[in-house]
Amino acid sequence: MIGGFELTKDFIQLENRAANWEEAIKKSSKPLLEGGFIKESYVDAMINSVKEHGPYIVIAPNIGLPHARPETGSKKVGFSILRLDEPVAFSDQEEHKVRLLISLSCVDSTTHLQILQAIVAILSDEEKHDRIFDAKTPEEILNIFH
């Protein structure tokens, strides 16, 4: 349980590729949208935020954390994971290529920080990081986050 949210395999997707970064954000946030955690306006806000501020969501090589302000359509706390086989580019710079997108839905700054800290703790563990990128099934990734 992270920030009051229980991650399940329904929130984890393994895909070969996304046509572009906008499609990657849409794909990565689809489980949140379908689960009633966010509104379509929140997905649009995530995309517009990258258009406006650049690839700030790329927090480390191959890792992006799409999110937007809660008032743009976040209804409940949660996150969903999209792991791509082929990286998607958020700019023409090599360091802005991403294979792992973790879309966040946060209703306030407290839960936002709790979820970010928990995710960063997992991703900064080199063994867990490598296992996420090598995973063959959503269940393998789920086990890493539990």
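# Charges, fold and two residues

Modeller: The protein chain carries 16 positive and 23 negative side chains, and the centres of the two sets lie 4 Å apart. Here Lys and Arg count as positive and Asp and Glu as negative, with His and the chain ends not counted; the place of a charge is NZ of Lys, CZ of Arg, CG of Asp or CD of Glu. This is a predicted model, in which local features need pLDDT of at least 70 and side-chain atom pairs count only at pLDDT 80 or more, whereas totals for chains, interfaces and linings use all residues. Residues are numbered from 1 along each chain as its sequence is written, and side-chain values use heavy atoms, leaving out hydrogens and water.

Colleague: What elements does the protein chain have, and in what order do they run?

Modeller: There are five helices and five strands (DSSP runs numbered from the N terminus: H or I of at least four residues, and E of at least two). From the N terminus on, their order is β-α-α-β-β-β-β-α-α-α.

Colleague: Why is the protein chain called as compact as a globular protein of that length?

Modeller: The globule rule (2.2 Å times the number of residues to the power 0.38, with the radius of gyration taken over C-alpha atoms) gives 15 Å for 146 residues. The radius of gyration of the protein chain is 14 Å, close to that value, so the description holds.

Colleague: Why does serine 105 count as buried?

Modeller: Buried means under 20% relative accessible area, exposed over 50%, and partly exposed in between (1.4 Å probe, protein chains only). Serine 105 has 0% relative accessibility and therefore counts as buried. Serine 105 lies in strand S5, residues 97–105.

Colleague: What makes the pairing of the serine 105 and serine 74 side chains a polar contact?

Modeller: A polar contact is a pair of N or O atoms within 3.5 Å; within protein, one must be able to donate a hydrogen and the other to accept it, and residues adjacent in sequence count only if both atoms are side-chain atoms. The distance between the two serine side chains is 2.8 Å, and the pair counts as such a contact. In addition, a polar atom of the serine 105 side chain lies 2.6 Å from the backbone oxygen of lysine 76.

Colleague: How do you know that arginine 83 is buried?

Modeller: Its relative accessible area is 5%, so arginine 83 falls under the 20% limit and is buried. Arginine 83 belongs to strand S4, residues 78–89. A polar atom of its side chain lies 2.8 Å from the backbone oxygen of isoleucine 132, and one lies 3.0 Å from the backbone oxygen of alanine 135.
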